[in-house]
There are 2 protein chains.
Amino acid sequence: MQCLVLGGGGWVSDNFAFSLARALNAPFSTVYTKVFPDGESYVRLPGEASSFESVCLVKSLDYPQDKGVAELILELDALREKGIRDVTLIVPYMAYARQDREFLEGEAVSIRALLRILRAAGAQRLYVVEVHKAESLKYFGGEAVNVSPYEYMAKFLEVDDDTVVIAPDIGAYGRAERLAKALGVEFDYLVKTRDRVTGEVSYKPKEVNVEGRNVIIVDDIISTGGTIAKSAGMLRAAGARRIDVVAAHALLVGDAWSRIMASGVTRVYAANTVKPQSGSPIIIDVAPTVAEALGGNR
Amino acid sequence: MQCLVLGGGGWVSDNFAFSLARALNAPFSTVYTKVFPDGESYVRLPGEASSFESVCLVKSLDYPQDKGVAELILELDALREKGIRDVTLIVPYMAYARQDREFLEGEAVSIRALLRILRAAGAQRLYVVEVHKAESLKYFGGEAVNVSPYEYMAKFLEVDDDTVVIAPDIGAYGRAERLAKALGVEFDYLVKTRDRVTGEVSYKPKEVNVEGRNVIIVDDIISTGGTIAKSAGMLRAAGARRIDVVAAHALLVGDAWSRIMASGVTRVYAANTVKPQSGSPIIIDVAPTVAEALGGNR
């Protein structure tokens with residue numbers, strides 16, 4: 001079954017959709033979006049949309065997230081009203097994924113609320129690039145797939161045999177493993193230790209010695225850059241030679257870029273799932289690996 | 001049944017909720033909202049929320065609308081997860097109400113999409129202050145009530161017997177009628193006429209002569225102020241003495257205020273449903289009339 005690949009408006013979404021359509025050898029179009037003087041969003045489907053039984057709607061929820069959510073709700077509702085029942089929603093960056101439980105009594109579990117709404121608005125199935133926790137996708141209540149980009153991104157990285165991939169914490173360990181295995185190198189994660197005398201907190205690789213070695217730090221999201229900068233500083237102090245960073249989603253909020261550069265990082269690689277708010281990471285187009293996950297048959 | 005009146009965050013919503021709680025003689029609390037550095041919204045219910053079976057959630061969707069929509073979705077989902085099944089949603093200003101049909105092929109019917117989502121997220125019933133078209137509320141798919149504020153606002157206006165209420169177009173005629181009847185004065189609407197020789201378009205009252213009389217223009221929403229300014233200009237040219245404006249929702253986008261003042265309007269009265277983006281209209285607290293519509297028994 002051939003789907004129309006539909007960019008949901010905005011630079012990131014439309015370009016991701018364009019690349020996805022090429023990889024799928026599928027037709028491509030975009031939704032027209034605008035903002036009224038009072039701030040309300042507006043969306044209009046392209047004329048050809050209603051002649052397809054199946055649509056692959058691409059909408060990244062990067063900044064400004066809430067405008068993206070509103071546009072997406074309007075788009076899904078409009079597609080449903082056009083009688084298009086088979087809607088695959090592809091979200092290169094899923095916002096609200098880090099608020100995935102009630103950390104404090106009374107907190108909204110934002111990712112749960114959002115995924116339920118997307119399903120209710122008419123998405124039949126969901127593909128997401130590297131959501132913060134893959135388990136969160138259960139809230140969608142339908143077929144939902146998390147696509148890991150690291151194996152595909154590995155093809156674009158040049159490493160030597162002695163390179164080591166480091167996760168900044170145990171939560172990103174699986175990510176480090178996937179990237180390292182694709183690169184054929186070692187991997188590890190940073191553990192927190194507290195000096196018994198001074199009480200000072202430091203982070204060290206659990207197993208490997210990074211002295212004199214090239215290091216790649218891997219994480220899913222770079223927001224304010226605090227975690228990356230802290231990790232890079234520790235690794236440099238431990239004797240690491242060159243430090244690069246691989247992230248799925250380089251939000252790079254505020255002064256994140258200068259903070260990361262100041263910590264001694266040489267290069268940041270990121271997927272084309274968001275528009276970075278600062279800096280100049282190297283962007284790797286991961287639409288082909290999403291196309292592969294889609295099975296090439298939509 | 002006593003409900004907890006819950007302000008959904010933001011100045012307008014929390015103040016409206018406070019006044020509503022007083023009018024209902026009901027307990028009052030607010031949702032804590034904030035924004036993360038990356039732009040994501042966050043909401044947390046107050047601790048006492050889960051000890052109520054019934055909640056009246058007040059959330060105005062004025063600017064920035066999409067942030068309000070996102071917060072509202074999170075709030076409704078959190079209330080549902082706390083086991084609170086009886087949720088009455090009170091929306092002082094309902095955004096997206098003017099996009100109430102497919103004017104151009106493929107356009108999203110935004111109000112339909114929004115109302116469906118609010119229902120799906122867990123609102124059992126809906127009270128709205130003066131939605132653009134009351135028929136739109138059918139999309140909610142449950143009990144939905146439009147509350148007209150004009151009768152209540154009339155109590156705060158001083159008029160003489162010779163005052164006339166004017167709707168800027170036939171669409172607002174019902175509004176003019178409601179306000180005029182409450183004030184005990186005449187009402188009319190402006191009709192478009194085109195000069196057969198010059199082709200020039202002008203607007204004139206359908207029936208009444210405004211010469212030497214005080215006029216009140218009434219409309220539901222003032223956005224950029226274009227309609228009001230144009231109407232006031234025409235009425236002034238037709239000899240109106242003093243021109244005031246009564247609106248439910250004074251958005252006053254951009255240079256709306258100076259445009260309206262330049263057109264010869266003396267005073268603008270509006271309900272407390274939005275935070276005006278410019279100018280200084282006289283704000284009338286209409287929460288008591290919403291309380292009355294709620295029946296005083298929630």
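**Where the chains and domains meet**

In this predicted model, 48 residues of chain A are in contact (heavy atoms within 4.5 Å) with 48 residues of chain B. Put together, chain A and chain B bury about 3,900 Å², and 51% of that sits on carbon and sulfur atoms; buried area here is the accessible area (1.4 Å probe) that two parts lose on being put together, summed over both.

Charges also meet here: the rule finds 18 salt bridges across the interface of chain A and chain B, each being a side-chain nitrogen of Lys or Arg within 4 Å of a carboxyl oxygen of Asp or Glu. One of them pairs Arg112(A) with Asp77(B), whose closest N and O atoms are 2.8 Å apart. On the side of chain A that touches chain B, 23 residues are nonpolar, ten polar and 15 charged. For this split, Ala, Val, Leu, Ile, Met, Phe, Trp, Tyr, Cys and Pro count as nonpolar, Asp, Glu, Lys and Arg as charged, and the others, Gly among them, as polar.

Now for chain A itself. An automatic or database assignment splits chain A into domain 1 (3-147) and domain 2 (151-284). Their centres, taken over C-alpha atoms, lie 29 Å apart. Between these two domains of chain A, about 1,200 Å² is buried, with carbon and sulfur atoms giving 58%. The rule finds two salt bridges across this domain interface. Glu130(A) and Arg175(A) form a salt bridge too, at 2.5 Å from N to O.

Residues are numbered from 1 along each chain as its sequence is written, and chains are lettered from A in the order in which they are written. Local features need pLDDT of at least 70, side-chain atom pairs count only at pLDDT 80 or more, totals for chains, interfaces and linings use all residues, and side-chain values use heavy atoms, leaving out hydrogens and water.
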